[in-house]
Each structure stands twice: as structure tokens, then as C-alpha cells.
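Me: I would like to learn how to read a protein model one feature at a time. Could we go through one together, with the general idea before the case?

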Amino acid sequence: MNHVVQCEKVTKIFEQGLIKVNALTDVDLAIEKAEFICLSGPSGSGKSTLLNMIGGLDTPTSGEVYIDGEEIDELNKSELADLRLHKIGFVFQAYNLIPVLSAQENIEMVMQMQGVSKKERNEKSSAILEEVGLQGMEKRIPPELSGGQQQRVAVARAIVSRPSLVLADEPTANLDSVTANKLIDLMLQMNEIHKTTFIISTHDPMIMQRSKKLVKLHDGRIIDIT
Amino acid sequence: MNSFLLIFSLAWRNLWRNKRRTLVILLAIVLGVWAMIVTAAFMRGMIFQMLEDTVDNLAGHVQIHHSQYLDDPVINNSFDPDSHTISRITHDPRVLMWSDRIRLPAVVLSERETTGITMLGVNPARESKISFIGKSVVEGRFLNSSSDTGIVIGQALADKLETRLGKRIVLMSQDINNEIADRGFRIVGIYDAPLDPTEKAFVFVGKETAAKMVGLKGAISEIVLRLHDTDMVTPLVTEMDQLDHTIDVMSWLEVEPYLELMIQMMDTSMFIWYLIVFLAMAFGIINTLLMAVFERTREFGLFQALGQKPRFILFQVWLEAILMIIVGLLAGNFLSWISVMATGDGIDVSVFARGMEMINMSNIIPFVITFNDLMIANITVAVLGMLTGLYPAWRASRLVPADAITRI
């Protein structure tokens, strides 16, 4: 199995009192290394739920999810945390950064949790800040950065420790079109340079157009892959 | 180590994220710690003063009597002060000073009144060093020698007997043949003791004069010892009490058992007080941390998404509580120290002085901070505070990342 991600018959049912909602139904998906994939679909189609399953933030009701060939259902909370720490980077729609840490500290946080030395952290964070065009803003805390700049820091943090996979949930939803375009440029560039796999859930047609693979979801099922 | 530094840095910065809220709860901790320590210092001061007054008030640290004396304090229950055992005790290096006494129940008669008292036949040179009498004679003089034929009585007794300095009074007691012995004494001094009951109860005469009056030849009723340190009392008493079965070596706690009871009662009251203060504090700590956890739910979800293990999240929130408690303890201890220093020799409670005399206390209460009291107050706040902080921390660590991240 050479896939970075493999989902087999993944089903997720949320129970709200007596009502059961099928967020995902029998989803099969295989993603290879260095792909740049977009999950699209209307609200409630299951995009975020699928990303949460792949990222190990939630567990499927049935079916299996494999990351680099490892079945994540088999892992306990601590092992899941380790998997996310070493193999997966996340970019969320908002509230992406820790407000009490500076841009550089936010980027170094994951490496610090991994036990990377201070010198190496400094070198890598400085380099990635330059790559995402935020040199000179190392010491700024999130409230002192614009929305676009904060998302750049989030992308930098997601890729700085070279994970095999980056999951981005509606990363441009709170950005204007120019800033959103720049962010996508950045992610594509990271995908090209570092061969990092990106899975992005979005409503944004511009991202859909620029993605290399488009997975369409509707009512919790994959209806098309182009 | 890297993770710990990160967690420490996050905990410290998050503590000051909402400065006003943190300062309010810190103020509560500081005041709580201050109230604990200052109250303990006041109560310990009361105990200290009570002990000092008791020791000064004739009891000393250790008393030696004939083994039957406390059951029947008559003249026949006396002992030889020159025995080898007594010599060994009085020469022990732990003994700071000592005084030998003939102590007898007696009746005093003036021209107008009669009352029961305790007659103390003393060696004035030794007695004036060990008990209050050395600095309490306010009219006339103290006794010059053991063979002085004068008598020194308390101001309150003089008032009661309607007599005064220079007048004669008569003491009656029982001699060694169980006959009535009496003798007239001229009042050569009047003393003013810290406590009125003492003034009414004790009269001082020369030891040799008293011995002649009751026919005692060389024997005495008691020896009172003052040691270098109260901690030496129990070991010395335990050791010396086994030397000779015809004498009793007793600590002041055995002589005045209600004092030990009061000390125990104060210790218990202090601990209950600590718990009450802490309970008030605990609600503040829990509330502050739960608010912080609630406000930062998404952040905890993000931490988990980025790979932070639940136990690190628990430790991060717990560390916030610990840091808050440490800062509160430091400030509380400092404030307590300043407060106690500001009181100087103590506070005057003369408004209540009459009531205080009932429990052997004078009217200036010093503030006494002991290492043990400091430790108990600090450990109570630290340990219970840390336990209190565990609940909000546990709540934060139990969040499901997918839910936490989407929580509004």
C-alpha cells in the first residue's frame, strides 16, 4: 500500500438525540504522495467530517482510515497525537494560531513538541517565514497580523516539520480573493517544492480550478473524482 | 525538556492574558494566605504569651516535688535538696536557673481580714531571677536573704486585707508535728503581678524563716527549674523522673494541664480556620480556571490537532493554577511578614485584659510566626490549590479535538 491516505468504506453517523445523521456513507478514497486535492461540495456534504477522519480528530462509525499504511482506528489518544505531531499538518478556517505566541513561536511550537533543538528550530522557522513572505514579522503576535498573514503563518507551521500530509479546512473562507489567491499560490508552491500532500476542503471555485484533483461530495458520499 | 519549556511559557503567558481576572483571584489568594499566617501568628503569640506568663508565674519549665506532695501538699511531704539526685538535676547543662522553695498552704490574718493563701519560703537571690517577683515589687523592697523576717505580699491581697506596707500580719500553717504554727511578719514589700489572682494567692517569706516557723530542718517542698529551651523540657523530665521514685519531676504541662488543652484547641481552631479560608479561595481558583478553559476550548482543540497529548494539555492548565498559587503564596507571605513586623512587640488587648487573666495571660499579645505554622499554611494552600486546579485541567484534557475546534 503506497498511499499516503486510504479510506475504506468510511461511514460516520452523528446522533442528535433520537435523530441519526449520516455525515459520511461508505467513502472510499486513496490519495498518493505529493497530490494536491480539493474536497468540494455544499455545506453538510461531509467535507470537514472526512478531513477530521483522515486527521484522526474524530473516529469513523465504521470503515477504516490508513495514514502511510497505518490504521488509525487501532491507535489510542496518545498514539493519535503522535501521528498528528509527526505526519500531519493542519490549517483551519480561523482561530489557527495561539494568540499568546509570536509568529515565529507559533511556527516553532510543533517542532518544540517534537523535541527539535532550539538552533534547528530557529533556522527552520526563519527559512519558512522567508518562504511565505513574512520575514521581519517574526516577533508579531497574531492580533498584530492581518487575516492573510495569519493564514500564511498557519501554512508555514503546517509544513515546517515536513509532514507527509497537510489538511486544510476552508483555509480561504475568511480571506479576500487576492489574499486567498496568494495563499493558494503558496500552498501549491509548497506542494511542488517539498512534495507535501495537500487535502483542502473548500467552497471556493478558484481553489477548485487550481487543484490537481477534485473530489466532489454530496450528502456524505463521493459523487465524482476528476 | 522542550515540551516543558513550551508548556511553562504558555501557562505563564495565559495566566496574564486576562490580567484583571487573574489579579482579582490573586488578590483573593494573597489575602487568604495573609489571613491564615497573621491569624496563626496572633494565636501562636497568645500561646507563647500564656506559656511565658505561666513559666514566669512561679511554675517554671520543670518542677520537682516529693512524690506525695501534689496529692497532699502538707509540710511532711518535703524532700532533701542536697541529695545526689537533686544535685544532678540542678547541675544539668540544660538547666538555665533554678530556685528551691518551701511552699505551704496557710492562713493570713490582718487587723481586719483573714484569708487563705500559699506561703512561699524562698531564697530571694534565686527566686528573683526565675519568677516575676524579681521585677514586680512596687512598694518597699523584696526580701534581702533567706533569713529575712519580713514578708512581701501582692497589691490585691493588701487591698483585701485592708493593710499596707510596714504593718504586721500573721501567718498560720501546720508544722511537721501536725500542730498549728504561727508567726507574725512585717510587710516589707508589695508586689504588682501581671495577674490579679496571683497577687491574692501568694506571699513571699525567707526560706529559713519559713523553715523555722514550721520546724523543717533542711527539707524543702519544691524546686523550680527554667531551661534554656522549652524543647528540652520533655527529654529532661523523662530522663530525670526515673532517677528517684521518692520525687516527682514534672513539666509545666503536667503542672498546668489546661494549658496543653488550650494549645491543642488553638491548633485545631487554626487548622479549621485554614480550611475555611481555603474553601473561599478554592471557589475563586476553580471559577477562574473553568472560565479560562471555556474561553480557550478552540485553542485546546488546536493543540490536540497539532499533536499535543491530552496529558500535556492537563499539565498546561494545571501549571497555570500552580503558577497562580506560587505567585499568591509569595505575595501573601511577604504581606504577612510586613504586617507582623509592623506590630512590633505585639498588640495591646487591655480592653479584654480581665478576661485574659482567667487564662493566665497578660494584656500585650505578641505576633509569633513559627516555621511550622508557616509551613502548614503554605502547604495547605499549595496542596489543596493544586488539587483544586486539577479539575479544570482534567476538563480541558478531555475535550474531543473535532468538537473543540468547531466550538463557538
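Me: Before anything else, how many salt bridges does the rule find across the interface of chain B and chain A?

Reply: Please keep in mind that this is a predicted model. A salt bridge is called when a side-chain nitrogen of Lys or Arg lies within 4 Å of a carboxyl oxygen of Asp or Glu. By that rule, 2 salt bridges are found across the interface of chain B and chain A, and one of them joins Lys309(B) to Asp82(A), with the closest N and O atoms 2.8 Å apart. Between the two chains there are also 5 residue pairs in polar contact, both residues being at pLDDT 80 or more.

Me: Which elements of chain B give two or more residues to the side that touches chain A?

Reply: Those elements are α1 (2-15), α11 (297-305), α12 (310-342) and α15 (401-406) of chain B, and the largest share, 7 residues, comes from α1(B). Taking the two chains together, 25 residues of chain B are in contact with 30 residues of chain A, while the area buried between them is about 2,400 Å², of which carbon and sulfur atoms give 63%.

Me: Turning to the sheet in chain A, in what order do the strands lie?

Reply: A sheet is read by following which strand pairs with which. Here 6 strands form an open sheet in the order β6-β7-β8-β3-β9-β10 of chain A, with mixed pairing. The edge strands, each of which pairs on one side only, are β6 (88-91) and β10 (221-225) of chain A, and the twist from one strand to the next averages 20°. Strand β9 (residues 213-218) and β10 of chain A pair in the antiparallel sense over 4 bridges, and Lys216(A) has Asp224(A), in β10(A), as its bridge partner.

Me: Which strands does helix α6 of chain A touch as it packs on the sheet?

Reply: Helix α6 (residues 177-194) touches β3 (36-40) and β8 (197-202) of chain A, and its direction makes about 155° with that of β8(A).

Me: Finally, is Gln151(A) buried or exposed?

Reply: A residue counts as buried when its relative accessible area is under 20%. Gln151(A) is buried because its relative accessible area is 4%. This residue lies in helix α5 (residues 147-159) of chain A. Leaving aside neighbours within four places in sequence, Gln151(A) is in contact with residues including Val91(A), Phe92(A), Pro171(A) and Leu183(A).

Technical notes. Residues are numbered from 1 along each chain as its sequence is written. Chains are lettered from A and ligands numbered from 1 in the order in which they are written. This is a predicted model: local features need pLDDT of at least 70, side-chain atom pairs count only at pLDDT 80 or more; totals for chains, interfaces and linings use all residues. Side-chain values use heavy atoms; hydrogens and water are left out. Buried means under 20% relative accessible area, exposed over 50%, partly exposed in between (1.4 Å probe, protein chains only). Contact means heavy atoms within 4.5 Å. Two strands pair if DSSP finds at least two bridges between them. Axes are lines fitted to C-alpha atoms, for helices over the stretch in contact, and angles run from 0 to 180 degrees between N-to-C directions. Buried area is the accessible area (1.4 Å probe) that two parts lose on being put together, summed over both. A polar contact is a pair of N or O atoms within 3.5 Å; within protein, one must be able to donate a hydrogen and the other to accept it, and residues adjacent in sequence count only if both atoms are side-chain atoms.
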